[in-house]
Amino acid sequence: MNSLIKQILKKQRGRINNRRLLTNFIGITSLFSVFYILISLCIGFLPGVIVMSVNFLLFLLNLRLFTTRIISYDVAAHIYIANCTFVAILMCSFFSGGLFSPVLPWFILIPTISLLLLGIGRNTFVWLCITIAIIITIGALASAGFEYPVDYDVTWSRFFTTTCIFGLSLIVYIVTMVFEKARENALNKLAQKNKEITDSIYYAQKIQHSLLAPQELIDKYLPNNFIVFKPKDIVSGDFYWAREYNGDFYLAICDCTGHGVPGAFMSLLITSFLNEAITEKSIISPDKILEFIRARIIETTAKSGSQDGMDGVVIRFHKHSGKITYSSGNSFQTQIQNNILTKLPKDKMPVGISYKMEPFTLQTIEVAKGDMLYFYTDGYADLFGGSKGKKFTNKQLNETFLKISSLDMNEQKENLEQTFVDWKGDLEQIDDVCIVGIRF
């Protein structure tokens, strides 16, 4: 039995947007209008003839506009329900019998069934309930023997009174429908624009990912590594870059100004500057590479008057000597050796325009077998969360590095990602995240 009910409900839901169903409803109700026009003529009831004739013309006009697709399915269905309810109010007022009026069941049953089958929205249902309440009120007054003042003709008084009630209800309904339709159209347009923009950004994400350092290249020179890369938005201002040049391996971890689309544009720009510095200008020292990038950023953004740039580190792994040199502008790097954590030095100035425009310092890292190096941007440490909604902080991040440094690289990555999720909870990620871990 339950299976049968589910099949029937499924079948009815499938008919909601059936244009033929609405056309049939309008046609059948038009025939009812003709029937009551004839009855009203036979009994000499002029108001009934006028009302039902107007209603019949409205049905025909609605059908014409709907079948020629001048108006949409939803609009035609709303007009149809309004017409049916309009007749229910007037005919309930005209005919005697109050709540037991023979007209009442027909003209409440038709729009109610139509409403359920056509499925035209919550606002129409609310309006229909209000209108039915008005009909019941009118019927109750008639049943209670309510009489109009003797100076007025009862039938015409009821006609004009009911027309006023209907007019007010119709105005409320039309205003509601217009605003609902306008809101729906605005939301549809917004959703379409949002989809177009989001699709474009996802395509930009593919382009950005294609410019990130290939994992195969990193694995070739640094077999024991992991990368945690979590853009705040679809595209990222953080990025990691790698290049082999004359046998040496270069790795950069950068945090560009901004995040999302603006940050991604800066990341593309700085990626091109890194390629230009090494492969075109043959600049091989990390400190000189940062100085070249700073000069190119200033040159490129000077016209706009902005102070865009990046925090970042460039590391050079010397193939023949095994030496590691790097230069860091406001970036973070940590070494763990014999379970002792050391914060590696950096220049406290960004790669771009700042109050401090000194040459970058070339640093050297002495490593032994089993050492861990972590290069990272500030996004992880700045993450809000925990039980009190506070920042994760660099101190806690370094403590995490120390705790997981003995694990293999995959486990370290999984631990950092799970800690990120647990700490963030339901709060929003406020910045891009990039961490590169290397074991020697």
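Two strands are taken as paired if DSSP finds at least two bridges between them, and strands themselves are DSSP runs of E with at least two residues, just as helices are runs of H or I with at least four residues, both numbered from the N terminus. With that in hand, I can say that strand 5 is joined to strand 9, residues 363–365, by 3 bridges, and that these two strands run antiparallel.

Before I go on, please keep in mind that this is a predicted model, in which local features need pLDDT of at least 70 and side-chain atom pairs count only at pLDDT 80 or more, while totals for chains, interfaces and linings use all residues. Residues are numbered from 1 along each chain as its sequence is written, and side-chain values use heavy atoms, with hydrogens and water left out.

Let me stay with the strands. Within the pairing of strands 5 and 9, Ile 324 has Ile 365 of strand 9 as its bridge partner. On its other pairing, strand 5, residues 324–329, is joined to strand 4 by 6 bridges, again antiparallel, and among the partners there are Arg 316 with Thr 325 and Gly 312 with Gly 329. Strands 4 and 5 form a hairpin with 6 residues between them, and in the turn Gly 322 has a positive phi of about 75°.

Strand 4 has further partners: 8 bridges join it to strand 3, residues 248–256, in an antiparallel arrangement, where Cys 254 is the bridge partner of Gly 312, and 2 bridges join strand 4 to strand 8, residues 351–352, also antiparallel, with Met 310 standing opposite Val 351.

How many residues of strand 4 are buried? I use buried for under 20% relative accessible area, exposed for over 50%, and partly exposed for what lies in between, with a 1.4 Å probe and protein chains only. Of the 9 residues of strand 4, residues 309–317, 8 are buried, so the strand is largely enclosed by the rest of the structure. In strand 5, 6 of its 6 residues are buried; Ile 324, Tyr 326 and Ser 328 point one way, Thr 325, Ser 327 and Gly 329 point the other way, and all are buried.

Now to the charged side chains. Side chains of opposite charge can pair when their charged atoms come close. I count a salt bridge when a side-chain nitrogen of Lys or Arg is within 4 Å of a carboxyl oxygen of Asp or Glu, and the structure holds 8 of them.

One of these joins Asp 199 and Lys 195, at 3.0 Å from N to O; the two are 4 residues apart in helix 7, and are therefore separated by about one helical turn. Asp 199 is partly exposed at 40% relative accessibility, and Lys 195 is partly exposed too, at 47%.

Another salt bridge runs between Glu 276 and Arg 296, whose closest N and O atoms are 3.2 Å apart. This pair links distant parts of the chain, with Glu 276 in helix 9 and Arg 296 in helix 10, residues 286–301, 20 residues apart. Glu 276 is buried, with a relative accessible area of 14%.

Salt bridges that share partners also join Lys 232, Asp 233 and Glu 428 into one network. Within it, the closest N and O atoms of Asp 233 and Lys 232 are 3.5 Å apart, and Asp 233 is partly exposed at 33% relative accessibility.
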